[in-house]
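Here's a walk through how two pairs of helices pack and where empty space is left inside and on the surface. Have the model open alongside as you read.

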Amino acid sequence: MFASVVFDLDGTLLNTIDDLADSSNWVCSRMGWPTHTVQEYRYFVGNGIPKLVERFTPEACRTPETLARALALFDERYAAHKADKTAPYPGIAQLLQHLQAAGVRYGVVTNKDHAAAVGVLQHYFGSLVPHVQGRIDALPPKPAPDTTHLLMKTLGAAPETTLFVGDSNVDIATAKAAGLASCGVLWGFRTLGELQQAGADHIAETPAALQALILGQ
């Protein structure tokens, strides 16, 4: 059994990919650039919004001025459309309820800006996710361990009894950097092969299987 859990957000608790892709392609169209498929965006996300913008921007256009303009356009569009298609993955709310009932301490670490992360979790999960640490200027984003360590301090979590749960190689790398056991989930944005290659300690195909792992069932 794990006493504490650190969850990734996008691709782990919430399926946000369609809204991220739609806002990104809206920017591409406004800028006169080629658009991308949702499948491509599964690999563009994971390192924060500025990196997402850089990845969908044509390489020849990646000047500081152009990237800043594209980022501003994205932020404005996504703020207005971030909940058009986004939804919790099936079974996630029930998983969190069971963890709460079992006394497991948990929270979310994400490369979304902190204020945005707090707002989206409150919108979709209410009091089910009371602890979240998003991206802040004072600390480097995942896969650096800093935001994870900050959340663990809030939770009172010990590394040896904490599990890091995410859907991408970024999350597995974050877990390793923070000295935590890791679990890759298969309902998110990336593949089993990527998670295995990244060195995930555990793999969960469903939220029910993740619950069994956390609770030692």
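Let's begin with helix α1, residues 17–31, whose axis comes within 9 Å of the axis of α4, the two crossing at roughly 135°. That angle makes α1 oblique to α4, because it falls outside the ranges that count as roughly parallel, antiparallel or perpendicular. The crossing of these two helices is right-handed. Keep in mind that this is a predicted model.

Who does the touching here? On the α1 side, the contact is made by Asp19, Leu20, Ser23, Ser24, Trp26, Val27, Arg30 and Met31. Facing them from α4 are Thr66, Arg69, Ala70, Leu73, Phe74, Arg77, Tyr78 and His81. By class, the residues of this α1–α4 contact split into eight nonpolar, four polar and four charged.

The other pair is helix α5 (residues 92–102) with helix α10 (residues 207–215), and their axes come within 9 Å and cross at roughly 15°. Angles under 35 degrees count as roughly parallel, so that is what α5 is to α10. Here, too, the crossing is right-handed. From α5, the contact uses Ile92, Leu95, His98, Leu99 and Ala102, while α10 brings Pro207, Leu210, Gln211, Ile214 and Leu215. What classes of residue make up the contact of α5 with α10? There are eight nonpolar and two polar residues, with no charged ones.

Now for the empty space. Rolling a probe the size of a water molecule over the atoms shows where it is left. In this structure, there are two cavities of 30 Å³ or more. Here they are with the largest pocket, with volumes and lining classes side by side:

| Space | Volume | Lining by class |
|---|---|---|
| Largest cavity | about 250 Å³ | six nonpolar, six polar, seven charged residues |
| Second largest cavity | about 50 Å³ | three nonpolar, two polar, two charged residues |
| Largest pocket | about 270 Å³ | seven nonpolar, no polar, five charged residues |

Take the largest cavity to begin with. It has 19 lining residues, and those nearest its centre are Asp10, Val45, Gly46, Asn47 and Gly48. Elements that give two or more residues to this lining are α3 (49–56), β4 (105–113) and α8 (169–178). Which of them supplies the largest share of the lining of the largest cavity? That would be β4, with three residues.

The second largest cavity is lined by Thr16, Tyr78, Lys82, Thr86, Lys112, Ala116 and Val120. Tyr78 is one you've met already, as one of the α4 residues in the contact with α1.

Finally, the largest pocket. Its lining is made of Ile49, Pro50, Leu71, Phe74, Asp75, Tyr78, Ala79, Lys82, Lys112, Asp113, Ala116 and Arg135. At least two of these residues come from each of α3, α4 (64–81) and β4. The biggest contributor is α4, which gives five residues to the pocket lining.

So where do the parts of this picture meet? Residues Tyr78, Lys82, Lys112 and Ala116 appear in the lining of the second largest cavity and in that of the largest pocket. Phe74 and Tyr78 of α4 take part in the contact with α1, and both also line the largest pocket.

Conventions
Residues are numbered from 1 along each chain as its sequence is written. This is a predicted model: local features need pLDDT of at least 70, side-chain atom pairs count only at pLDDT 80 or more; totals for chains, interfaces and linings use all residues. Side-chain values use heavy atoms; hydrogens and water are left out. On a 1 Å grid over the protein atoms alone, a cavity is a set of points where a 1.4 Å probe fits but cannot get out, and a pocket is an open set with protein on both sides within 12 Å along at least five of seven lines; lining residues have an atom within 4 Å of a point. Grid points are joined across faces, edges and corners, and a volume is the space filled by probe spheres set on the points. Helices (H or I, at least four residues) and strands (E, at least two) are DSSP runs, numbered from the N terminus. Ala, Val, Leu, Ile, Met, Phe, Trp, Tyr, Cys and Pro count as nonpolar, Asp, Glu, Lys and Arg as charged, and the others, Gly among them, as polar. Axes are lines fitted to C-alpha atoms, for helices over the stretch in contact, and angles run from 0 to 180 degrees between N-to-C directions. Angles under 35 degrees count as roughly parallel, over 145 as roughly antiparallel, 65 to 115 as roughly perpendicular and the rest as oblique. A crossing is left-handed if the near helix is turned anticlockwise from the far one by less than a right angle, and right-handed if clockwise. Contact means heavy atoms within 4.5 Å.
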